[in-house]
Amino acid sequence: MQTIKRYFSLIMLLLCSVPCFSQEQERSWEELRDQYEFPSWYTEARFGIWVHWGAQTEPLKGGGWYARHMYMQDVGREQWGDAAYEYHCKTYGHPSEIGYKDVLNEWKAEKLDTDALVKYFKSLGAKYFVALANHHDHFDNFNSTYHPWNSVNVGPKRDIIKEFEVSCKKFDIPYGVSSHDDRFLSWWLPAFGADTSGVYQGKPYDGHMTIEDGKGKWWEGLNPADLYGLPPGQRTPEYIESVKQNWVLRHT
């Protein structure tokens with residue numbers, strides 16, 4: 001997914017650089033870097049606040065990488081959130097039946113008050129504010145035109161990024177978003193595994209589910225493959241290219 005990371009860097013350069021280049025002009029990364037200038041308001045700000053908050057905070061245990069670790073009986077050296085699998089089985093059910101897609105729907109964000117938060121952050125002296133647009137879990141916290149797994153369709157049924165944007169304009173504070181979606185295909189690989197021991201040994205996790213499996217369920221019409229990606233054996237070069245293009249569309 002290194003190409004996607006480069007796409008993201010390019011987008012940020014085109015948004016923030018002076019001067020802007022037309023689409024017909026080709027510039028090397030070195031040329032783009034040489035032309036880049038940090039906005040004066042940013043260099044003078046010194047202090048800003050970033051809220052790394054989303055559906056990964058719905059479970060009480062498991063950490064920020066809950067979505068990945070809930071599919072791992074043994075997280076190995078990835079100790080951040082090593083209780084996710086056990087917690088998920090006890091709280092929601094086994095990941096072969098109830099997966100992270102279902103955790104997303106449990107997240108309601110009912111206590112979110114963006115006005116109150118932004119007002120408080122500004123009172124602390126913050127000169128800018130950044131919100132989490134999407135995490136490694138490939139879930140958009142906004143009304144995404146190009147991705148059905150988003151906070152308006154699932155869970156809160158709210159455009160969280162838009163709400164933060166409106167509040168930042170209200171309290172006159174520069175606003176940005178962060179994206180962590182560049183490696184979701186590799187990050188999600190555990191969702192295509194299975195328990196290596198116990199009563200569910202060998203039973204595939206819900207990463208293998210298809211849109212047909214959702215008939216009669218809350219997620220009817222949604223395709224798990226749009227959230228987790230296709231199973232690794234089905235990822236053709238054409239599919240990988242479509243993922244990259246989708247990433248660009250969602251971020252521009």
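# H136 and the three-stranded sheet

Visitor: Leaving aside its neighbours within four places in sequence, which residues is H136 in contact with?
Guide: This is a predicted model. Contact here asks for heavy atoms within 4.5 Å. With neighbours up to four places away in sequence set aside, the contacts of H136 are W65, H180, R183, F184, W187 and W188.

Visitor: Where does H136 lie?
Guide: Helix 8 covers residues 160-170. Strand 2 covers residues 129-134. H136 sits in the loop between strand 2 and helix 8.

Visitor: Does H136 count as buried or exposed?
Guide: The cut-off for buried is under 20% relative accessible area. H136 has 9% relative accessibility, so it counts as buried.

Visitor: Which backbone oxygen does the side chain of H136 reach?
Guide: H180 is among the contacts of H136. The side chain of H136 comes to 2.8 Å from a backbone oxygen, that of H180.

Visitor: What order do the three strands of the open sheet have?
Guide: Strand 1 and strand 2 pair in the parallel sense over three bridges. Strand 2 and strand 3 also pair in the parallel sense, over five bridges. The order of this open sheet is 1-2-3.

Visitor: Which strands stand at the edges?
Guide: Each edge strand has a single partner, so one of its sides lacks a neighbour in the sheet. The edge strands are strand 1 (49-51) and strand 3 (175-179).

Visitor: By how many degrees are neighbouring strands of this sheet turned against each other on average?
Guide: The pairing is parallel. With direction ignored, the average turn between neighbouring strands is 30°.

Visitor: Which residue in strand 3 is the bridge partner of L132?
Guide: Strand 2 and strand 3 are joined by five bridges. In strand 3, A131 has V177 as its bridge partner. For L132, the partner in strand 3 is S178.

Visitor: Which residue in strand 2 does W50 stand opposite?
Guide: The pairing of strand 1 with strand 2 has three bridges. W50 faces a strand 2 partner, V130.

Visitor: How many of the six residues of strand 2 are buried?
Guide: The rest of the structure largely encloses strand 2. Helix 8 lies across strand 2 and strand 3, at about 165° to strand 2. The count of buried residues in strand 2 is six of the six.

Visitor: What does Q56 touch, not counting residues up to four places away in sequence?
Guide: Q56 lies in the loop between strand 1 and helix 4. Its relative accessible area is 6%, so Q56 is buried. Q56 touches G63, G64, Y66, Y100, L132, H135 and D137.

Visitor: Which residues is V75 in contact with, leaving aside its neighbours within four places in sequence?
Guide: V75 is in the loop between helix 4 (66-69) and helix 5 (84-91). At 7% relative accessibility, V75 counts as buried. Its contacts are H69 and D82.

Visitor: What is the phi of A109, which is not a glycine?
Guide: Most residues other than glycine have a negative phi. A109 lies in the loop between helix 6 (100-106) and helix 7 (114-123). A109 counts as buried at 6% relative accessibility. Its phi is positive, at about 50°.

Visitor: Does K157 count as buried or exposed?
Guide: K157 is found in the loop between strand 2 and helix 8. K157 has a positive phi near 60°. The cut-off for exposed is over 50% relative accessible area. K157 has 52%, so it counts as exposed.

Visitor: How many helices and strands are there in the protein?
Guide: The elements run α-α-α-β-α-α-α-α-β-α-β-α-α-α from the N terminus. The totals are eleven helices and three strands.

Visitor: What radius of gyration does the protein have?
Guide: The C-alpha atoms fill a box of roughly 60 × 45 × 40 Å along the principal axes. For 252 residues, a compact globule would come near 18 Å. The protein agrees with that, at 20 Å.

Visitor: Among contacts between residues at least 6 apart in sequence, what percentage join residues at least 24 apart?
Guide: Buried residues make up 45% of the 252 residues. Of the contacts between residues at least 6 apart, the share that joins residues at least 24 apart is 67%.

How values were computed:
Residues are numbered from 1 along each chain as its sequence is written. This is a predicted model: local features need pLDDT of at least 70, side-chain atom pairs count only at pLDDT 80 or more; totals for chains, interfaces and linings use all residues. Side-chain values use heavy atoms; hydrogens and water are left out. Two strands pair if DSSP finds at least two bridges between them. Helices (H or I, at least four residues) and strands (E, at least two) are DSSP runs, numbered from the N terminus. Axes are lines fitted to C-alpha atoms, for helices over the stretch in contact, and angles run from 0 to 180 degrees between N-to-C directions. Buried means under 20% relative accessible area, exposed over 50%, partly exposed in between (1.4 Å probe, protein chains only). A polar contact is a pair of N or O atoms within 3.5 Å; within protein, one must be able to donate a hydrogen and the other to accept it, and residues adjacent in sequence count only if both atoms are side-chain atoms. The radius of gyration is taken over C-alpha atoms; the globule rule is 2.2 Å times the number of residues to the power 0.38.
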